[in-house]
Amino acid sequence: MKIKELLTYLESIAPANYQESYDNSGLIVGDKNKELSGVLLCLDSTEAIIEEAIEKKCNLVIAHHPIVFRGLKRFNGKNYVERVVMKAIKNDVAIYACHTNLDNVRNGVNAKIASKLGLINTRILSPKSILIQITTQVEHSKSIKLQEALQGIGRINVLEGKEESQLRIVVENGRSHEVKNILKKEGLSFFTNEIKEKAGEIGSGMIGELREAIPEIDFLKQVKEKMQASCVRHTALLNRPVKKVAICGGAGGFLLGAAIGKGADVFVTADYKYHEFFDADGKIVIADIGHYETEHYTIELFSELIRQKFTNFALYCTEHNTNPVRYLF
Ligand SMILES: [Zn+2]
């Protein structure tokens, strides 16, 4: 079986179009037409992970976090990103990332956290408005300039044709006019279509309920244990029971307003800074359990998703803990 067969399946679950505009999910290194020899699952494709893939004879690494986020200009191994890419290419290991597109789907990263915490009645915390795909044709010579103008507004896919490139820009409905204005200014024609099937099924974070309300301190202890967190950094307890819980794997601070607005008692996420903790403002308990700790069950999620469909190749969960943060107690 070819690598692309597995990638097509993963994209049917977490379409690349659902990733955030700053993201770089997809096949980052490698040839999707190669025969698949085995798959190694991880959160971060570090050098140790590529070495493990080579050792286990896997020619595909599937990671949650993309190893490359922005343009690389040199490949001389001066930083870990360059070294990982060089090692992967040299050893014929493909790297595929499934990041914010897996965060944003109903059965993705946050659903996994919710099930670990025993939440019921779960729904997306901050659903995206309708996504629009805008398609245009542009001469090769103008394509790069146009892509630069559109950067940060939406996600751009480029299909290179003989004389022209086709640009497909996926953007939230509320920002589609910005794209259209830029295209009109360039004198380009375009057509639009909706790409989101169901309202409320795509978006960030998740909110759900505990079967029974429990004291805050008991809930925080449960979170620490169930998520295998070394420590929980949290704001002042509010002396009320916890029933409604908001969660977001990784850096979820941008969802605090939604969590408070939807009446969550506690918001479990990561990457909070000192001043941001003040924003809890007596309305909610923020619990920061660490980035790796919120997301490490994504490896289990990848494994379950793949095993539901394929059993004809070796599939390994990494033996490495790639958390760059260590704790001293
Ligand atoms: Zn993350």
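**Sheet order, cores and helix packing**

In the predicted model, six strands form an open sheet with the order 5-10-12-13-14-11 and mixed pairing. The edges are occupied by strand 5 (120-127) and strand 11 (233-234), each of which has a single partner strand, so one side of each is left without a neighbour in the sheet. Strand 11 is joined to strand 14 (residues 285-288) by 2 bridges, and these strands run antiparallel. Arg233 stands opposite Asp288 of strand 14. Helix 5 (residues 109-117) packs on the sheet and touches strand 5, strand 10 (203-214) and strand 12 (242-251). The direction of helix 5 makes about 140 degrees with that of strand 12.

Two nonpolar cores are described next. In soluble globular proteins, nonpolar side chains tend to be buried together. The largest nonpolar core in the model comprises 72 residues, and Val61, Ile95, Val266 and Phe267 have the most contacts inside it. This core draws at least three residues from each of domain 1 (3-103 + 297-317) and domain 2 (109-126 + 204-289). Apart from its neighbours within four places in sequence, Val61 is in contact with Leu40, Cys42, Ser45, Ile49, Ile50, Ala53, Val93 and Ile95. A second core, separate from the largest one, has 12 residues, among them Leu150, Ile169, Val171 and Leu183.

Leu183, a member of the second core, belongs to helix 7 (residues 176-185), where the buried residues are Ser176, Val179 and Leu183. These three residues lie on the same side of helix 7, because they cover an arc of only 65 degrees around the axis. An α-helix has 3.6 residues a turn, so residues three or four places apart point the same way. The other side of helix 7 carries the exposed residues His177, Asn181, Lys184 and Lys185. Through its buried residues, helix 7 packs against strand 6 (131-139), helix 6 (140-150), strand 8 (164-172) and strand 9 (190-194). Just after helix 7, a positive phi of about 70 degrees is found at Gly187.

Strand 8, one of the elements packed against helix 7, is paired with strand 7 (residues 155-160) through 6 bridges, and the two run antiparallel. Within this pairing, Arg155 has Val170 of strand 8 as its bridge partner. The connection from strand 7 to strand 8 is a hairpin of 3 residues.

Terms used. Residues are numbered from 1 along each chain as its sequence is written. This is a predicted model: local features need pLDDT of at least 70, side-chain atom pairs count only at pLDDT 80 or more; totals for chains, interfaces and linings use all residues. A residue is buried if 20 or more other C-beta atoms lie within 10 Å of its own, exposed if 12 or fewer, and partly exposed in between; C-beta atoms are placed from the backbone. Helices (H or I, at least four residues) and strands (E, at least two) are DSSP runs, numbered from the N terminus. The arc is that of the directions from the helix axis to the C-beta atoms. Two residues are in contact if their C-beta atoms, placed from the backbone, lie within 7 Å. A nonpolar core is a set of buried Ala, Val, Leu, Ile, Met, Phe, Trp, Tyr and Cys residues joined through C-beta atoms within 7 Å. Domain bounds come from an automatic or database domain assignment. Two strands pair if DSSP finds at least two bridges between them. Axes are lines fitted to C-alpha atoms, for helices over the stretch in contact, and angles run from 0 to 180 degrees between N-to-C directions.
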